[in-house]
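Okay, thanks for making room for me this week. Let me put the model up on the screen and then talk you through it.

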Amino acid sequence: MFAVDTTALPAVARWLEEAATGWSAGSLNGLDWHEVLLPFAVIAALTLLLAALAPAMHQTALGDQALAPGVRLSRLRPLLVLAGVGCTATVTAVAGPIVFIALAAPQIGRLLTRAPGVALVPAALSGAVLLLAADLAAQLLLAPVALPVGVVTTVIGGCYLAALLARRSNRHGG
């Protein structure tokens, strides 16, 4: 039979626990370029798919009238869901769940462009800037200890959400 060296198992278990804890908090700490090459390729392919679908997607704002110019909603909707879920799953697999970026970025992008709907490019750029700023804050706040970026976005997003709720409560007299 095979002999298994079990002396390294506690160290491996500790490493896995630390990696899982960092991932669950949403962390960019410790990522190397070779770890993000495949995710970048997946995101690039899905971005090309979204760019190809963009004209049809904008026509869907017309609702059922979008059927007239030849947009097949039964084919378009699953492709858009696939692209959106694929992008989200790829980023989450690498960095973990980084909360509130996806909630804030579309709103900021819409405010900057004064567009009636959510403009994808401004929303994506807003999300990138928010994530960059949050990661920079996470690295500098308690330097030399780097916080997971998800901790920073949770604190900022939680404060923002509490302010919105307080403002709504004051407006409605509650």
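I'll start with the overall layout, then go through two helix packings, one buried valine, an aromatic pair and a couple of backbone oddities.

So, first thing: this is a predicted model, so please keep that in mind throughout. The protein has 6 helices and 0 strands, and reading from the N terminus the order is simply α-α-α-α-α-α. Of the 174 residues, 21% are buried. On contacts, if you take those with a separation of 6 or more, 59% come from residues 24 or more positions apart.

Right, helix packing. Let's take α4 and α5 to begin with. Helix α4 covers residues 101-113, and its axis is 7 Å from that of α5, at an angle of about 125°. That angle falls outside the 65 to 115 band for roughly perpendicular and isn't over 145 either, so α4 and α5 count as oblique. The crossing is right-handed. Who's touching whom? On the α4 side you've got Ile-101, Ala-104, Ala-105, Pro-106, Ile-108, Gly-109, Leu-112 and Thr-113, and α5 brings Pro-122, Ala-123, Ser-126, Gly-127, Leu-130 and Leu-131. Sorted by class, the contact of α4 with α5 has 10 nonpolar residues, 4 polar ones and no charged ones.

Now carry on along the chain to the next pair. Helix α5 is residues 120-140 and helix α6 is residues 149-171; their axes come within 8 Å and cross at roughly 110°. With that angle, α5 is roughly perpendicular to α6. This crossing is right-handed too. From α5, the contact uses Leu-131, Ala-134, Asp-135, Ala-137 and Ala-138, and from α6 it uses Val-149, Val-152 and Thr-153. The class split for α5 with α6 is 6 nonpolar, 1 polar and 1 charged.

While we're between those two helices, have a look at the loop. Pro-144 sits in the loop between α5 and α6, and the peptide bond leading into Pro-144 from Ala-143 is cis, with omega near 15°.

There's another backbone point in the loop between α3, residues 73-95, and α4, and that's where you'll find Phe-100. Phe-100 isn't a glycine, yet it has a positive phi of about 75°. As for its surroundings, Phe-100 is partly exposed, at 25% relative accessibility.

Let's move over to helix α2, residues 33-59, which holds Val-36. Is Val-36 buried or exposed? Its relative accessible area is 13%, so Val-36 counts as buried. Leaving aside residues up to four places away in sequence, Val-36 touches Leu-31 and Val-94. And if you trace from Val-36 to Val-91, you cover 55 residues in sequence, while their C-alpha atoms are 9.5 Å apart in space.

Last stop, aromatics. The count comes to 1 aromatic pair. The two rings belong to Trp-33 and Phe-40, with centres 6.2 Å apart and planes at 50°, so the pair is tilted. And how accessible are the two residues? Trp-33 is exposed, at 66% relative accessibility, whereas Phe-40 is partly exposed, with a relative accessible area of 48%.

That's my tour. Happy to rotate the model if anyone wants another look.

Key. Residues numbered from 1 in each chain as written. Predicted model: local features only at pLDDT ≥ 70, side-chain atom pairs only at ≥ 80, totals over all residues. Heavy atoms only, no water. Axes fitted to C-alpha atoms, helices over the stretch in contact; angles between N-to-C directions. Helix = DSSP H or I, 4+ residues; strand = E, 2+ residues; numbered from the N terminus. Parallel < 35°, antiparallel > 145°, perpendicular 65-115°, else oblique. Left-handed = near helix turned anticlockwise from the far one by under 90°. Contact = heavy atoms within 4.5 Å. Nonpolar A, V, L, I, M, F, W, Y, C, P; charged D, E, K, R; others polar. Phe/Tyr/Trp six-rings, centres within 6.5 Å; stacked < 30°, edge-to-face > 60°. Buried < 20%, exposed > 50% of the residue type's maximum accessible area, 1.4 Å probe, protein only.
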